[in-house]
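Q: I have this one open next to me and would like to talk through how it is put together. Can we start with the strands?

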Amino acid sequence: MSRLIVISNRVSAPKARSAGGAQGGLSVALAAALREYRGLWFGWSGNKTDEFTGHIDLQRHEGVTTATIDLEEQDVDEYYNGYANRTLWPLFHYRIDLAEYDRSFGSGYERVNERFAETVTPLIEPDDLIWVHDYHLIPLGMQLRERGLKNRIGFFLHIPWPPQRLLVSLPFHQRLVRSMLAYDLIGFQTEEWLDSFHHYIEREMGGTVDGDTVRVGNRTIKVAAFPIGVDAKEFGEAVRSPTAKQAHERLKRSVEDKHVIIGVDRLDYSKGLGERFLGYRRFLEEHDDCRGRVTLLQIAPPSRGEVHTYESIREHLDELSGRINGEFAEVDWVPIRYVNQGYPREELAGFYRASEIALITPLRDGMNLVAKEYVAAQDPEDPGVLILSRFAGAALQLKDALLVNPYSKDEISDAVAKALNMPKGERIRRWRAMMDSVEKEDVVWWRRNFVRALQGEEAPLGDEDKPAEAVG
Ligand code: GDG
């Protein structure tokens with residue numbers, strides 16, 4: 001079996017995960033893949049160094065080999081805080097108003113991609129499969145080809161791919177997309193982002209699309225949708241753990257007989273937290289009989305703290321939640337519990353289980369794993385209701401959620417009211433349909449389909465092909 005080399009911006013060894021905190025969806029999904037296929041995970045350590053040396057720190061944790069490098073401060077400013085998080089992230093989430101274009105960001109981005117390529121190339125053997133992840137490393141495939149690698153190289157984008165008319169606002173957009181043609185396989189989360197990519201290829205590059213094949217000039221590559229899933233089995237176990245049960249009890253005890261509405265999101269403008277608070281405020285305004293009977297628990301661990309936009313979103317949400325609480329609170333009730341810290345995964349599972357409703361309303365999201373985790377954590381006999389933004393990739397699979405426009409206060413308010421009054425039979429029916437998808441299209445299914453396609457095997461996996469999870 002070929003080795004699998006995973007390359008992503010950050011590497012999160014399994015050891016670090018047990019500490020809890022805001023684990024990105026990416027890190028949760030990948031550690032298991034690396035245990036299954038021998039191989040290694042390469043990326044930035046998260047540390048800075050005075051001068052880039054290309055020194056690789058090799059470690060092994062719970063069956064996963066990691067190889068990390070340190071970057072210079074200027075690299076981090078221009079590549080990570082700059083081009084990745086201030087140019088591509090907002091633009092790819094349809095926020096051209098927030099996207100910043102700076103020549104130094106673009107050159108820093110290319111420099112760091114070259115540094116990644118230069119450092120990882122000697123670790124790669126001819127039969128290895130290479131799987132590059134996310135918007136930080138779009139040109140890496142091309143950089144690896146320029147160093148003579150003939151391996152099969154795949155790329156998976158965890159965030160949306162923007163419509164062609166937005167993408168053309170990016171200086172040198174053609175150069176970025178052309179570099180992607182060096183991959184053998186490109187994966188998107190959903191058909192929607194795939195369609196936008198096809199459209200760009202046809203309109204801007206004069207390419208053609210035929211099924212899952214894209215041709216530009218004499219280059220032909222595979223491009224398809226691979227919706228990422230959660231480890232439903234592991235989540236089911238997490239929710240039955242003593243830690244989850246304690247967390248469940250703790251939350252239930254503290255709210256007494258009130259209904260809990262939960263949201264869990266990294267503190268990021270794409271997650272629509274301000275709009276969510278305002279939708280909930282509308283609900284409280286319109287349903288005064290429900291005041292004192294519901295609590296919105298919003299868990300929002302900080303993310304990408306260096307970037308100034310995140311400081312301003314934090315201030316905005318502090319102010320907004322404070323204002324709503326001031327407006328509606330009673331001596332024995334606050335409408336919003338807004339918590340800026342992360343919790344270990346098992347506790348999170350317990351909180352999901354204790355919540356009658358999940359309110360997950362990103363303005364734009366590649367997939368959204370929290371929605372799937374909430375479904376996986378429910379009691380089959382008495383499941384909660386998922387309210388989900390129709391602009392999350394997950395909405396294409398979780399059609400039995402209450403789908404809302406996250407910009408509409410009225411739709412959020414109506415959905416909360418409907419969820420609170422939903423009869424048990426309907427809750428079970430909707431949950432069962434969603435759980436079927438969460439269980440069937442889980443993280444194992446996702447990565448096996450991607451790796452199969454990268455190996456050149458066509459057929460997507462059926463259930464019968466899904467092996468038991470390998471342990472490292
Ligand atoms: C990107 C894309 C795509 C959050 N708070 C805590 C915690 N988390 C975990 C959740 C979930 C993960 O972080 C967040 O994943 P999402 O999918 O919701 O969002 P992003 O971080 O934006 O991820 C996204 C994903 O990549 C995967 O492709 O779905 O669209 O934006 O797993 O549980 N985990 C713990 N404590 C917390 O307080 N332990």
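Q: In which sense do strand E6 and strand E7 pair, and over how many bridges?
A: In this predicted model, strand E6 (residues 152-156) and strand E7 (residues 185-188) pair in the parallel sense over three bridges, where two strands pair if DSSP finds at least two bridges between them. Helices (H or I, at least four residues) and strands (E, at least two) are DSSP runs, numbered from the N terminus.

Q: Which residue in E7 does Gly154 stand opposite?
A: Gly154 stands opposite Leu185 in E7.

Q: What holds strands together in general?
A: Strands of a sheet pair through backbone hydrogen bonds, in either a parallel or an antiparallel arrangement.

Q: And what is the strand order in the open sheet of 10 strands?
A: The order is E3-E4-E2-E1-E5-E6-E7-E10-E9-E8, with mixed pairing. Its edge strands are strand E3 (57-61) and strand E8 (208-210), each of which pairs on one side only. Direction ignored, neighbouring strands of this sheet are turned by 25° against each other on average.

Q: Which strands does helix H4 touch?
A: Helix H4 (residues 103-120) packs on the sheet and touches strand E1 (4-10), strand E2 (39-49) and strand E4 (64-72), its direction making about 130° with that of E2. Contact means heavy atoms within 4.5 Å, while axes are lines fitted to C-alpha atoms, for helices over the stretch in contact, with angles running from 0 to 180 degrees between N-to-C directions.

Q: Before we go on, how were residues numbered and filtered?
A: Residues are numbered from 1 along each chain as its sequence is written, and side-chain values use heavy atoms, with hydrogens and water left out. Since this is a predicted model, local features need pLDDT of at least 70 and side-chain atom pairs count only at pLDDT 80 or more, whereas totals for chains, interfaces and linings use all residues.

Q: Thr68 in strand E4 caught my eye; buried or exposed?
A: Thr68 is buried, with a relative accessible area of 13%; buried means under 20% relative accessible area, exposed over 50%, and partly exposed in between (1.4 Å probe, protein chains only). Leaving aside neighbours within four places in sequence, Thr68 is in contact with Val11, Gly43, Trp44, Ser45, His55, Ile56 and Asp57.

Q: Switching to aromatics, how many pairs are there?
A: The count comes to 23 aromatic pairs, where rings of Phe, Tyr and Trp (its six-membered ring) pair if their centres lie within 6.5 Å, and planes under 30 degrees apart count as stacked, over 60 as edge-to-face and the rest as tilted. One of them is Trp131 with Trp446, a tilted pair at 5.1 Å centre to centre with 45° between the planes. Trp131 lies in strand E5 (residues 129-133) and Trp446 in helix H17 (residues 443-455), so the pair ties together parts that are 315 residues apart in sequence.

Q: What about Tyr352 and Tyr374?
A: They form an edge-to-face pair, 6.2 Å centre to centre with 85° between the planes. Tyr352 lies in helix H13 (residues 345-354) and Tyr374 in helix H14 (residues 369-376), so that pair ties together parts 22 residues apart in sequence. Both Tyr352 and Tyr374 are buried.

Q: Which rings does Arg364 sit over?
A: Arg364 lies over the face of Tyr94, at 3.8 Å from the ring centre, and its charged end also sits over the ring of Phe391, 4.6 Å from the centre. A charge sits over a ring if NZ of Lys or CZ of Arg is within 6 Å of the ring centre and within 35 degrees of the ring normal.
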